[in-house]
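Biologist: Could you walk me through this fold step by step, as you would for someone in their first year? I will ask, and you can reason aloud.

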Amino acid sequence: GFRVEPMISGGKNATLAVVRQWLRDPAFVTACARAAMTLNASGLVFDIELEQSTEVDGRSFASMIALVRRELRTRVPDATVSVATGTGRMSKTDVLANSSADQLISMGTYWQPSSFQSDIEHDMANVGGARYSCGLCDSCAAQVKNNSRAAIDKRFSLMAKAGVEHVAWWL
């Protein structure tokens, strides 16, 4: 089935200092939960990938995810809170494996097939198949070389072979 989950992202202009403020701000947690409710969404996806982030940032991120999830679920009991994983320690599956995120969505989909295969194996081992998703993003795909139909088919073949159960698609 399909779920509609708006993305919370710092965008290309987010700095680690700004994101660290968000992670400590109860008003940010409330605003995120309210945004999902206002949009009548199924939940939220956080895509905050900062290369210079640390494991400490990841633990703070995991704590913030738990707070948002708890706040959102008091109003929408089956709402989900998911995280796009990728660049930076704060958004790696080994750091977020014990978080309360419902789905950890790998954005390694656009890496070379050999790297993508090892990414799938690593991440599924960290979080399990039920919580692991592969992310697809039209704007990301447009920026990636070797994004031919054959390359995409190869990635989907690798996902099927590994038993990936979920695909998150950003439109």
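Biologist: Which residues touch the most other members of the largest nonpolar core?

Modeller: Keep in mind that we are looking at a predicted model. The largest nonpolar core has 38 residues. Those that touch the most other members are Phe46, Phe61, Met64, Val68 and Ile120.

Biologist: And which element gives the largest share of this core?

Modeller: Several elements give two or more residues to this core, including α1, α2, β2, β3 (80-85) and α5 (113-127). β5 (132-137) and α7 (149-162) are also among them. The largest share is six residues, and the element they come from is α3.

Biologist: Let me pick one of those core residues. What does Ile120 touch, not counting residues up to four places away in sequence?

Modeller: Let us set aside the residues up to four places away in sequence. One of the remaining partners is Cys134, which counts as buried because its relative accessibility is 0%. The full set for Ile120 is Tyr132, Cys134, Leu158, Met159, Ala162 and Val164.

Biologist: How many residues are in the other core, the one with Val45 and Trp170?

Modeller: That core lies apart from the largest one. Cys137 and Ala168 are among its members, along with Val45 and Trp170. Its number of residues is seven.

Biologist: Now to a helix. How far does α2 reach from its first C-alpha to its last?

Modeller: Helix α2 covers residues 26-38, which is 13 residues. At 1.5 Å a residue, a span of 18 Å is expected, and the model comes close to that. From first C-alpha to last, α2 reaches 18 Å.

Biologist: Why are the buried residues of α2 on the same side?

Modeller: The buried residues here are Phe28, Val29, Cys32, Ala33 and Ala36. In general, an α-helix has 3.6 residues a turn, so residues three or four places apart point the same way. The buried residues of α2 sit on the same side because the arc they cover around the axis is only 135 degrees.

Biologist: Which residues are exposed on the other side of α2, and what do its buried residues pack against?

Modeller: On that other side, the exposed residues are Pro26, Ala27, Arg34 and Thr38. The buried residues pack against β1 (7-9), α1 (16-24), β2 (43-47) and α3 (55-75).

Biologist: What happens at the start of α2?

Modeller: Look at the side chain of Asp25 and the backbone of Ala27. A side-chain oxygen of Asp25 reaches toward the backbone nitrogen of Ala27, to within 2.9 Å.

Biologist: Is Asn40, in the loop between α2 and β2, buried or exposed?

Modeller: Asn40 follows α2 and has a positive phi, near 55 degrees. Most residues other than glycine have a negative phi. For accessibility, exposed means over 50%. Asn40 has a relative accessible area of 71%, so the word for it is exposed.

Biologist: How far apart in space are Leu39 and Glu5, C-alpha to C-alpha?

Modeller: Leu39 lies in the loop between α2 and β2, and at 58% relative accessibility it counts as exposed. Along the sequence, Leu39 and Glu5 are 34 residues apart. In space, C-alpha to C-alpha, they are separated by 9.2 Å.

Biologist: What arc do the buried residues of α1 fall within?

Modeller: The buried residues of α1 are Leu16, Val19 and Leu23. They line one face of the helix, while the face turned away carries the exposed residues Ala17 and Arg24. Seen down the axis, the buried residues fall within an arc of 60 degrees.

Biologist: Is Ala101 buried or exposed?

Modeller: Ala101 is in the loop between α4 (93-96) and β4 (103-106). Not counting residues up to four places away in sequence, Ala101 touches Ile65, Val81, Val83 and Arg131. Buried means under 20%. Ala101 has a relative accessibility of 3%, so it counts as buried.

Biologist: Last one: how many disulfides are there?

Modeller: A disulfide is a covalent bond between the sulfur atoms of two cysteines. Counting them takes a cut-off: the two sulfur atoms must be within 2.5 Å. By this rule, the number of disulfides is zero.

Methods. Residues are numbered from 1 along each chain as its sequence is written. This is a predicted model: local features need pLDDT of at least 70, side-chain atom pairs count only at pLDDT 80 or more; totals for chains, interfaces and linings use all residues. Side-chain values use heavy atoms; hydrogens and water are left out. Helices (H or I, at least four residues) and strands (E, at least two) are DSSP runs, numbered from the N terminus. The expected span of a helix is 1.5 Å times one less than its number of residues. Buried means under 20% relative accessible area, exposed over 50%, partly exposed in between (1.4 Å probe, protein chains only). The arc is that of the directions from the helix axis to the C-beta atoms. Contact means heavy atoms within 4.5 Å. A polar contact is a pair of N or O atoms within 3.5 Å; within protein, one must be able to donate a hydrogen and the other to accept it, and residues adjacent in sequence count only if both atoms are side-chain atoms. A nonpolar core is a set of buried Ala, Val, Leu, Ile, Met, Phe, Trp, Tyr and Cys residues joined through side-chain atoms within 4.5 Å.
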